[in-house]
Amino acid sequence: MHLHPTNPNPASNYQKYLWCRNLIEIGLRLFMITIFIVITQTCFGQVTIVVESIPNATPPSDTIFLTGNFNNWRTNDPEYILRKQLDGKLAFRFDKPAYTEIEYKFTRGSWVKVESSPSNQYMPNRKLVVTEESPVVYTTIDNWQDLGGAQPISLIAFYYSSVAFLASILLFLIYRTNKKDPVRMKVFTIFNGFMVTVFSAAVVLQVANAIWINHVEMILQVTLFLWGPLVYSFLLGFRKNPFKVKMSWLILPAFGMIVLTVMEIKNLELVNFMNSHWRGLNHGYVGICSAAAINTAICLWLSYKTIFDINPNRKVTNQFTKWFFNLNLLVAILLFGGFCGFAFQIPELMMEDYDPIFVILSALVIVEMYYLWRFPEILSEAPAPSAPIALELKEELEKLMIEEQAFKNPELSKAELSQLLDTKPHVLSKMINDYYGKNFRDYINSYRIMAFIKLAEEGQLERFTFLALAHEVGFNSKSTFNLAFKKYTNESPRDYFKERIRK
């Protein structure tokens with residue numbers, strides 16, 4: 001009998017094959033059903049008018065009507081309202097046109113608010129010849145007679161563009177910094193590149209017309225699901241002993257959102273529920289809002305220990321990561337609050353747009369600029385050795401200190417000790433910081449003080465002076481010894497031994 005260790009269970013592999021084949025068959029059937037629905041809905045002499053762009057100055061609350069010879073030119077006929085499609089464009093479908101030639105115009109409810117030419121002049125009636133080919137007519141609205149293309153200046157759009165510029169400056173600052181940790185540099189670069197994209201989209205939301213706004217919102221709803229994994233990977237670069245979760249699991253919801261967005265852009269009937277009364281968060285969805293909040297909360301929970309797992313001697317880095325974590329936690333709370341507001345109809349919690357989230361994220365960019373400008377060492381800190389290497393180095397160092405008493409060398413330096421351990425000085429320094437919470441000099445002096453106390457308790461103070469014993473354990477001056485002893489015991493040498501040795 002021959003054993004095949006690489007294929008221990010052929011039956012299991014066959015079951016996986018059957019499962020994959022069935023899944024593909026189901027997918028093909030769903031695809032054919034979708035094609036059938038699309039074909040059957042467009043083969044009965046329908047005429048669809050699609051508006052691809054409207055003036056930027058169009059008030060979001062206004063309704064756009066179709067008026068023409070088919071409804072006696074009523075400017076506010078509720079049966080001829082342009083409806084928003086899933087892809088953000090406006091459309092109206094004539095199921096059975098009563099005329100072979102349609103004449104029409106677009107209005108916002110009255111002849112005062114009728115469409116006009118790009119130069120705000122009178123426009124002749126639009127015309128459309130109806131045939132049996134079920135045409136789809138694509139058009140644009142250039143201007144409104146009462147608005148004339150006017151658009152108020154958006155101060156918040158100027159603010160968002162400034163934040164996008166600030167994030168661009170941060171990218172340059174990161175590039176110019178003396179970088180010792182490539183992982184940390186990478187996460188900073190990805191994060192700030194992401195922020196440039198987000199705030200560029202925020203500017204478009206303020207100045208674009210309603211159709212383009214809908215397109216940008218489709219991008220932002222994917223961004224909401226990418227945000228949590230991005231924060232997790234960013235904070236992971238600061239941990240001493242990171243535990244890792246596969247990023248593929250964290251980004252899986254974002255891929256699902258991308259598929260949903262593509263289906264929405266294609267106006268597939270399968271996702272018509274997305275255009276229902278559940279829409280909220282400035283044409284986002286209550287379901288998307290809640291799912292994004294949960295996704296972000298999970299990623300924050302995974303990286304929570306990061307803000308408590310950084311070297312205690314690096315207070316600036318600790319402060320920065322706490323600011324970063326807390327601001328992102330506020331984003332997750334806002335998302336969840338928006339979900340609760342729309343789901344339970346609580347007006348105080350409802351968010352009509354993304355501005356509260358953008359304001360918090362702008363504060364994040366400002367905090368990042370402050371810390372990187374004043375404390376560039378956040379980026380230039382040397383990377384920590386991997387856990388197994390650091391642990392092995394720690395054991396070798398303790399053996400060198402305890403068994404060989406290398407600390408008794410008064411000229412012992414970081415470079416010399418690194419050479420004895422066959423490592424680099426910055427690696428040794430970071431390992432001492434991470435495991436002992438001390439710098440190199442305090443670490444060495446702690447061994448010297450412990451050796452001094454041991455000699456004193458063995459009765460050596462009766463034969464030698466404090467200074468003689470200090471020289472014996474590696475100190476080269478009285479002042480250095482006194483400072484190190486007080487820092488270690490919070491007492492001077494004489495006060496410490498007054499009651500312990502010389503009773």
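Three strands, in the order β2-β5-β7, form an open sheet whose pairing is antiparallel, and this sheet is a convenient place to enter what is a predicted model. The edge strands are β2, residues 65-68, and β7, residues 126-129, each of which pairs on one side only. From one strand to the next, the twist averages 40 degrees.

The pairings within this sheet can be followed residue by residue. β2 and β5 are joined in the antiparallel sense over 4 bridges, and in that pairing glycine 68 has tyrosine 104 of β5 as its bridge partner. On the other side, strand β5, which spans residues 101-107, is linked to β7 by 4 bridges, with the two strands running antiparallel; here glutamate 101 has valine 129 of β7 as its bridge partner. Although β2 is an edge strand, both of its faces are covered, since it is stated residue by residue that Phe65 and Thr67 on one side and Leu66 and Gly68 on the other are all buried.The loop that leads into β2 deserves a closer look. Threonine 63 lies in the loop between β1, residues 47-53, and β2, and at 32% relative accessibility this threonine counts as partly exposed. Which residues does threonine 63 contact, once its neighbours within four places in sequence are left aside? The contacts of threonine 63 are with Ile81, Thr107, Arg108 and Gly109. For one of these pairs a separation can also be given: threonine 63 and threonine 107 are 44 residues apart in sequence, while their C-alpha atoms are 8.5 Å apart in space. On the far side of β2 in sequence, tryptophan 73 is found in the loop between β2 and β3. Tryptophan 73 has a positive phi of about 60 degrees although it is not a glycine, and with a relative accessible area of 25% it is partly exposed.

A second open sheet is built from 4 strands in the order β3-β4-β1-β8, and its pairing is mixed. At its edges stand β3, residues 83-84, and β8, residues 136-140, each with a single partner strand, so one side of each is left without a neighbour in the sheet. The partner of β3 is strand β4, residues 90-94, to which β3 is joined by 2 bridges in an antiparallel run. Within this pairing, lysine 84 stands opposite leucine 90 in β4.

From the strands the description passes to the helices, beginning with α2 and α8. The axes of helix α2, residues 155-176, and helix α8, residues 355-374, come within 10 Å and cross at roughly 35 degrees, and the crossing is left-handed. From α2, the residues that take part are Ile156, Tyr159, Tyr160, Val163, Leu166, Ala167, Ile169, Leu170, Leu173 and Ile174, and these meet Asp355, Phe358, Val359, Ser362, Val365, Ile366, Glu368, Met369, Leu372 and Trp373 in α8. Sorted by class, the residues of this contact of α2 with α8 divide into 17 nonpolar, 1 polar and 2 charged.

Another helix pair lies later in the chain. How do the axes of α13, residues 440-457, and α14, residues 466-473, cross, and within what distance do they come? The axes come within 9 Å and cross at roughly 130 degrees, and α13 and α14 are therefore oblique to each other. The crossing of α13 and α14 is right-handed. The contact is made by Arg448, Ala451, Phe452 and Leu455 of α13, together with Phe466, Leu469, Ala470, Glu472 and Val473 of α14. By class, this contact of α13 with α14 has 7 nonpolar and 2 charged residues, and no polar ones.

The stretch around α11 and α12 completes the tour. Aspartate 422 has its place in the loop between α11, residues 414-421, and α12. Is aspartate 422 buried or exposed? With a relative accessible area of 70%, aspartate 422 is exposed, and although it is not a glycine it has a positive phi of about 60 degrees. Histidine 426, by contrast, lies in helix α12, which covers residues 425-436, and it is partly exposed, with a relative accessible area of 37%. Between histidine 426 and lysine 414 there are 8.9 Å in space, C-alpha to C-alpha, and the two residues are 12 residues apart in sequence.

Notes: Residues numbered from 1 in each chain as written. Predicted model: local features only at pLDDT ≥ 70, side-chain atom pairs only at ≥ 80, totals over all residues. Heavy atoms only, no water. Axes fitted to C-alpha atoms, helices over the stretch in contact; angles between N-to-C directions. Parallel < 35°, antiparallel > 145°, perpendicular 65-115°, else oblique. Left-handed = near helix turned anticlockwise from the far one by under 90°. Contact = heavy atoms within 4.5 Å. Nonpolar A, V, L, I, M, F, W, Y, C, P; charged D, E, K, R; others polar. Pairing = 2+ DSSP bridges. Buried < 20%, exposed > 50% of the residue type's maximum accessible area, 1.4 Å probe, protein only.
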